[in-house]
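Biologist: Could you take me through one part of this model at close range? I would like to look at the empty space in it, and then at what surrounds that space.

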Amino acid sequence: MENQVTKPNQTLVSPGFTCWLTGLSGAGKSTIATELSKALNNLSVSCEVLDGDVIRKHLSSDLGFSPKDRETNVLRVGYLCSLLNKHNINTIVALISPFNATRDKLRQSLGKFIEIYVDCPLEECIKRDPKGLYQRAISGEITEFTGISSPYETPVSPDIVLKTYEEDVNQSVEKILKYLHHLKLIDIN
Ligand code: ADP
């Protein structure tokens with residue numbers, strides 16, 4: 001009889017996927033993550049949204065915004081995704097995640113990692129300023145703010161680029177769904 005016990009040295013690929021939205025503050029990550037999760041739920045695909053602000057409050061309130069702390073924050077969320085993905089819960093992450101090297105680590109550690117660059121020029125993000133943070137960063141009230149006083153490294157070869165200054169949220173969500181379908185991770189027919 002076939003031995004059904006998993007051998008210890010067998011590498012298992014987690015069944016769940018992670019859509020990781022990276023980009024400047026105000027680029028549209030949270031907005032798209034929320035709409036994407038609704039679209040996936042409509043397709044009966046389970047997912048959990050991990051949003052930067054919520055993560056900072058509940059999981060990383062001990063961390064600041066130095067490059068090292070930012071990396072720790074991103075890797076913590078990556079670890080959480082790996083746990084959820086292992087149990088077939090897909091994850092959607094909305095987190096600035098400013099560094100290429102850290103995002104590369106995620107790609108290596110997560111089985112089905114989809115890097116989505118939410119692309120919006122800094123000037124447009126400053127104009128949007130949905131939480132009034134840019135104003136406070138420009139005045140110097142907030143330090144180490146991405147795009148103003150802390151770097152953002154544009155992704156080198158993201159799986160998807162969403163140009164939120166020229167496409168609307170629905171178009172962005174459609175793009176992601178099509179890509180997931182193309183990878184056979186969801187069925188949109
Ligand atoms: P982030 O999570 O990247 O900081 P948010 O989603 O919180 O950004 O805020 C983005 C703001 O930009 C929202 O007020 C949203 O309504 C607006 N916005 C305008 N156009 C778009 C678009 N095409 N995609 C996403 N957000 C957009």
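Modeller: Happy to; here is a walk through the pocket and the cavity, followed by the strands, loops and rings. Please keep in mind that this is a predicted model.

Let's start with the open space. Rolling a probe the size of a water molecule over the atoms shows where empty space is left. The largest pocket holds about 600 Å³ of space. It is lined by 29 residues, and the closest to its centre are Ser-25, Asp-53, Ile-96, Lys-131 and Leu-133. Three helices each give at least two residues to this lining: H1 (29-42), H2 (52-58) and H3 (67-86). Sorted by class, the pocket lining comprises 11 nonpolar, 10 polar and eight charged residues.

Now for the enclosed space. Searching the whole structure turns up one cavity of 30 Å³ or more, and the space in the largest cavity is about 30 Å³. Its lining is made up of Ser-25, Gly-26, Asp-129, Pro-130, Lys-131, Leu-133, Tyr-134 and Phe-145. By class, four of these lining residues are nonpolar, two are polar and two are charged. You may recognise some names here: Ser-25, Lys-131 and Leu-133 line the cavity, and they are also listed among the residues closest to the centre of the largest pocket.

Asp-129, from the cavity lining, deserves a second look for its backbone. Most residues other than glycine have a negative phi, and most peptide bonds are trans. Asp-129, however, is not a glycine and has a positive phi of about 30°. You will find Asp-129 in the loop between helix H5 (122-128) and H6, and its relative accessibility of 16% makes it count as buried. Ser-44 also has a positive phi, of about 60°, without being a glycine. Ser-44 sits in the loop between H1 and E2. Is Ser-44 buried or exposed? With a relative accessible area of 68%, Ser-44 is exposed.

Next, the strands. Strand E3 (residues 90-94) is mostly covered, with five of its five residues buried. In a regular strand the side chains alternate between the two faces of the sheet. In E3, Asn-90, Ile-92 and Ala-94 point one way, while Thr-91 and Val-93 point the other way, and all are buried. Strand E1 (residues 18-22) pairs with E3 in the parallel sense over four bridges, and Cys-19 stands opposite Ile-92 in E3. Strand E2 (residues 47-51) also runs parallel to E3, joined to it by five bridges; here Cys-47 is opposite Asn-90 in E3.

Finally, the rings. Three aromatic pairs are found in a search of the whole structure. In one of them, the rings of Tyr-117 and Tyr-152 have centres 6.1 Å apart and planes at 15°, so the pair is stacked. Tyr-117 belongs to strand E4 (residues 113-119), and Tyr-152 to the loop between helix H6 (133-138) and strand E5 (160-163), so the pair ties together parts that are 35 residues apart in sequence. Tyr-117 and Tyr-152 are both buried. One more ring is worth finding on your screen: Arg-56 lies over the face of Phe-65, at 3.8 Å from the ring centre.

Terms used:
Residues numbered from 1 in each chain as written. Predicted model: local features only at pLDDT ≥ 70, side-chain atom pairs only at ≥ 80, totals over all residues. Heavy atoms only, no water. Phe/Tyr/Trp six-rings, centres within 6.5 Å; stacked < 30°, edge-to-face > 60°. Buried < 20%, exposed > 50% of the residue type's maximum accessible area, 1.4 Å probe, protein only. Lys NZ or Arg CZ within 6 Å of the ring centre and 35° of its normal. 1 Å grid on protein atoms, 1.4 Å probe; cavity = no way out; pocket = protein on both sides within 12 Å on 5 of 7 lines; lining within 4 Å. Points joined across faces, edges and corners; volume = space filled by probe spheres on them. Nonpolar A, V, L, I, M, F, W, Y, C, P; charged D, E, K, R; others polar. Pairing = 2+ DSSP bridges.
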